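Here are my notes on the model you sent over, in numbered points. I begin with one residue pair and work outwards from there.

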Amino acid sequence: MKLYTNNDRFMVWQVKQLLDEHNIPCFIKNEFASGAMGELSPLDCQPEVWLNDASWQKRAELLIDQMETQTSIEWQCSGCGETNGGNFEVCWQCGQETHIDQ
């Protein structure tokens with residue numbers, strides 16, 4: 001069952017890694033299909049994350065939603081006051097670690 005697709009192969013692999021870390025069985029489809037673009041529709045060439053078992057869908061979607069929300073929330077370093085992107089767990093300015101609940 002198809003769960004996630006994105007033109008950015010890095011994002012597809014990031015989702016796959018997230019699901020693997022939570023022991024959700026999945027695989028990537030169309031990983032190398034971009035070379036066939038032109039012969040195939042661009043929509044048929046996008047990399048996709050598929051679940052081996054549909055019973056994992058709700059849990060997987062929740063994890064993906066949390067990942068996307070977390071990476072979009074900026075945080076301010078309590079050490080130096082620098083604003084950092086949500087995808088940073090360490091301040092890029094001073095190296096101080098953040099806490100997710102900030």
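1. Let's start with a pair of residues: Lys29 has Glu48 of β3 as its bridge partner. That bridge belongs to the pairing of β2 with β3 (residues 48-51), which is antiparallel and spans four bridges. Keep in mind throughout that this is a predicted model.

2. On to the other pairing of β3. With β1 the sense is again antiparallel, this time over three bridges. If you want a residue to click on here, try Lys2, which sits opposite Trp50 in β3.

3. Put those pairings together and you get an open sheet of three strands, ordered β1-β3-β2 and paired antiparallel. Which strands stand at the edges? They are β1 (2-5) and β2; each has a single partner strand, so each has one side with no neighbour in the sheet. From one strand to the next, the twist averages 25 degrees.

4. What lies across this sheet? Helix α1 does: α1 lies across β1, β2 and β3, and its direction is at about 165 degrees to that of β2.

5. The loop between α1 (9-21) and β2 (26-29) deserves a look, as that is where Asn23 is placed. Asn23 isn't a glycine, yet its phi is positive, at about 55 degrees. Is this residue buried or exposed? Its relative accessibility is 63%, so Asn23 counts as exposed. If you check backbone torsions, you'll run into this one.

6. The loop between β2 and β3 has a residue worth a stop too, namely Gln46. With a relative accessibility of 17%, Gln46 falls under the 20% cut-off and therefore counts as buried. Its side chain makes a polar contact with the side chain of Asn7, at 2.6 Å. Setting aside neighbours within four places in sequence, the residues in contact with Gln46 are Thr5, Asn7, Lys29 and Asn30. Lys29 is the residue from point 1, bridged to Glu48.

7. Now the cysteines. How many disulfides does the structure hold? The count is zero. Cys91 is in no disulfide, and the nearest cysteine sulfur, which belongs to Cys80, is 3.6 Å away. The cut-off for a disulfide is 2.5 Å between the sulfur atoms, so the 3.6 Å pair doesn't qualify. Cys91 counts as buried because its relative accessibility is 3%. Cys26 also counts as buried, with a relative accessibility of 10%. If you're setting up a topology, build it without disulfide bonds if you follow the model as it stands.

8. Finally, the whole chain. It contains two helices and five strands, and reading from the N terminus the order is β-α-β-β-α-β-β. The chain has 102 residues, and 27% of them count as buried. Among contacts with a separation of 6 or more, 43% come from residues 24 or more positions apart. The exposed area is about 6900 Å², with carbon and sulfur atoms supplying 50% of it.

Technical notes. Residues numbered from 1 in each chain as written. Predicted model: local features only at pLDDT ≥ 70, side-chain atom pairs only at ≥ 80, totals over all residues. Heavy atoms only, no water. Buried < 20%, exposed > 50% of the residue type's maximum accessible area, 1.4 Å probe, protein only. Contact = heavy atoms within 4.5 Å. Areas by Shrake-Rupley, 256 points an atom, 1.4 Å probe, with all protein chains shown as cover. Pairing = 2+ DSSP bridges. Axes fitted to C-alpha atoms, helices over the stretch in contact; angles between N-to-C directions. Polar contact = N/O pair within 3.5 Å; in protein donor to acceptor, adjacent residues only side chain to side chain.
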